[in-house]
Amino acid sequence: MKKDFLWGSASAAYQIEGAANIDGKGPSIWDQFSHIPGNTYKNTTGDVTIDFYHRYQEDIALMREMGLQAYRFSISWPRILPTGSGRVNQEGIDFYHAVIDELIKNGIEPIVTIYHWDLPLELQQSYNGFGNRKIIEDFTNYCKILFTEYGEKVNYWITLNEQNVFMEAGYLDATFPPQENDYQLYFNANHYATVANAQVIDLYRKMKLPGKIGPSFAYKAVYAKSCDPADVLAMENAQELTNWLWLDPYITGKYNQITLKTIEKMGINLDITTQDIEILTKGKCDFIGINYYRTQTIKSADKTKEAVEVSKRTVNSNIKNFATDKLYLKAKNQYLPTTEWNWAIDPVGFRIMLRRLTSRYDIPIMITENGLGAVDVLNEEKKIHDDYRINYLSQHITELEQAVEEGCNIIGYCSWSFQDLFSWLNGYTKRYGFVYVDRDVDDNSKLLRYKKDSFYWYQQVIKNNGIKNFNNDNE
Ligand code: BGP
């Protein structure tokens with residue numbers, strides 16, 4: 001990898017901070033959602049999580065010990081602005097200065113995510129959050145505060161984390177807040193978020209700050225189930241509605257015509273103005289953040305009963321006369337193993353995705369998440385032998401190295417995650433970290449940190465600037 005390549009790891013505020021109700025922080029939509037019984041695994045909440053808020057120095061010391069070069073974390077909007085706009089909470093501002101300073105002091109590059117899903121509850125309750133175009137102004141004002149406070153210290157900004165995921169889960173599947181199930185609302189809310197993203201990138205440039213800025217996208221490269229042209233066409237439909245709908249405006253500054261027409265034919269009235277179109281052209285990203293976990297396989301709608309999985313979505317929708325399942329269906333890929341959570345494990349798909357991105361857009365790419373969620377066991381000697389995680393990461397990094405040799409411009413790699421953390425709907429059963437945190441649904445656990453085998457393995461990867469050299473050295 002190039003000299004300035006960053007080997008890092010990632011997290012998000014709601015998943016690590018805890019301290020949900022102290023030092024002036026306001027409630028977020030996730031605080032409310034996780035407190036409604038039945039929404040999360042065994043009703044786990046982010047009230048305490050792994051208490052990064054009080055233990056950040058201990059965690060950053062572990063990062064330093066590992067040799068981590070970058071740490072991606074998010075800022076909690078309601079910790080900065082308890083009601084989303086208006087009064088600023090100085091204790092929140094100070095907290096993130098302290099975290100950023102501590103990272104820099106320890107030689108670790110802070111990569112700051114501005115929005116990782118914890119919208120201030122007030123904005124949801126007063127005007128429906130992302131469902132209203134007012135969000136664009138409030139998001140811009142929030143960003144202005146962050147750029148003014150931290151702009152000189154932070155070289156990498158991530159605007160929105162996985163807009164595609166929080167939109168789909170929040171506005172179609174109703175599994176995340178605000179638990180809506182409405183295609184018309186989904187497409188408009190998504191569009192407002194896309195405009196908000198572009199507007200703050202434009203603002204960042206106008207403020208003449210030294211760093212780079214871009215969103216993080218959950219990219220699932222799509223495969224056709226077969227070479228039947230009907231399956232391939234279905235795959236193309238899926239690309240429009242699951243990838244290009246975001247990547248095109250982020251990177252090229254406009255939606256492509258096929259995406260727009262597809263949405264229109266679905267009976268959607270997209271609330272897009274000429275001013276929006278201008279904002280999009282001014283807010284192209286410097287790099288694209290990619291969160292990669294899996295690929296998806298697609299088949300055409302005509303031939304099957306596998307439609308059930310996708311059709312569920314339209315059950316309560318206000319628009320019942322269309323569904324994406326007329327355009328494409330999800331299918332199983334018989335060539336790929338899966339995780340315990342049934343996510344396809346596909347390291348080659350990682351490389352395919354990077355190559356597709358490069359050939360379509362030719363843009364610098366930062367891997368902002370990649371990792372394996374698994375059940376980890378702390379044994380009697382207080383060790384965690386997570387060779388399955390080492391295998392997963394090692395296969396993915398190997399493909400990443402290949403992609404670089406093949407011409408992809410990758411500027412960094414952040415695994416998900418450094419410490420174990422709260423997995424939105426899965427509590428602490430599904431763990432991703434290099435550092436085990438003694439934490440379960442029970443808020444009284446001790447929150448002690450233990451280094452897993454993968455901690456020492458990643459330490460070597462960083463030291464050797466990748467897997468290739470590391471493996472050669474060990475031969
Ligand atoms: C991404 C999110 C992360 C993280 C990860 C793993 O979509 O950006 O916040 O949680 O997925 O997901 P999960 O915890 O559901 O397994």
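**Close-up views of the ligand site, its pocket and three backbone features**

**View 1. The ligand sits in the largest pocket.** The model is a predicted one. The shell around the ligand holds 15 residues. Gln-15, Glu-162, Ser-423, Lys-430 and Tyr-432 come nearest to the ligand. By class, the shell residues split into six nonpolar, six polar and three charged.

**View 2. Polar side-chain atoms of Gln-15, Trp-424 and Tyr-432 face oxygen atoms of the ligand at distances given here.** For Tyr-432, a polar side-chain atom is 2.5 Å from a ligand oxygen atom. For Gln-15, the distance from a polar side-chain atom to an oxygen atom of the ligand is 2.8 Å. For Trp-424, an N or O atom of the side chain lies 2.9 Å from an oxygen atom of the ligand. On its own, the ligand has 380 Å² of accessible area, and the protein covers 91% of this. Gln-15 and Tyr-432 are also among the residues that come nearest to the ligand.

**View 3. The largest pocket has a volume of about 1,700 Å³.** Its lining counts 50 residues. Nearest the centre of the pocket lie Glu-168, Lys-220, Arg-294, Lys-330 and Trp-343. The lining divides into 21 nonpolar, 16 polar and 13 charged residues. This is the pocket that holds the ligand.

**View 4. Helices and strands contribute to the lining of the largest pocket.** Helix 8 (163-171) gives the largest share, four residues. Two further helices, helix 10 (229-252) and helix 13 (308-311), give two or more residues each. So much for helices; among strands, two or more residues come from strand 7 (288-292), strand 8 (296-299) and strand 9 (329-331).

**View 5. Two peptide bonds are cis, one at Pro-177 to Pro-178 and one at Trp-416 to Ser-417.** Most peptide bonds are trans. Between Pro-177 and Pro-178, omega is about 10°. Pro-178 is in the loop that runs between helix 8 and helix 9 (183-206). From Trp-416 to Ser-417, omega is near 10°. Ser-417 has its place in the loop between strand 11 (410-416) and strand 12 (435-437).

**View 6. Asp-23 has a positive phi.** The value is near 50°, in a residue other than glycine. Most residues other than glycine have a negative phi. Asp-23 is found in the loop between helix 1 (13-16) and helix 2 (29-34).

Methods. Residues are numbered from 1 along each chain as its sequence is written. This is a predicted model: local features need pLDDT of at least 70, side-chain atom pairs count only at pLDDT 80 or more; totals for chains, interfaces and linings use all residues. Side-chain values use heavy atoms; hydrogens and water are left out. A residue is near a molecule or strand if one of its heavy atoms lies within 4 Å of it. A polar contact is a pair of N or O atoms within 3.5 Å; within protein, one must be able to donate a hydrogen and the other to accept it, and residues adjacent in sequence count only if both atoms are side-chain atoms. Accessible areas come from the Shrake-Rupley method with a 1.4 Å probe; for residues, only the protein chains shown count as cover. On a 1 Å grid over the protein atoms alone, a cavity is a set of points where a 1.4 Å probe fits but cannot get out, and a pocket is an open set with protein on both sides within 12 Å along at least five of seven lines; lining residues have an atom within 4 Å of a point. A molecule sits in a cavity or pocket if more than half of its atoms lie within 2 Å of its grid points. Ala, Val, Leu, Ile, Met, Phe, Trp, Tyr, Cys and Pro count as nonpolar, Asp, Glu, Lys and Arg as charged, and the others, Gly among them, as polar. Grid points are joined across faces, edges and corners, and a volume is the space filled by probe spheres set on the points.
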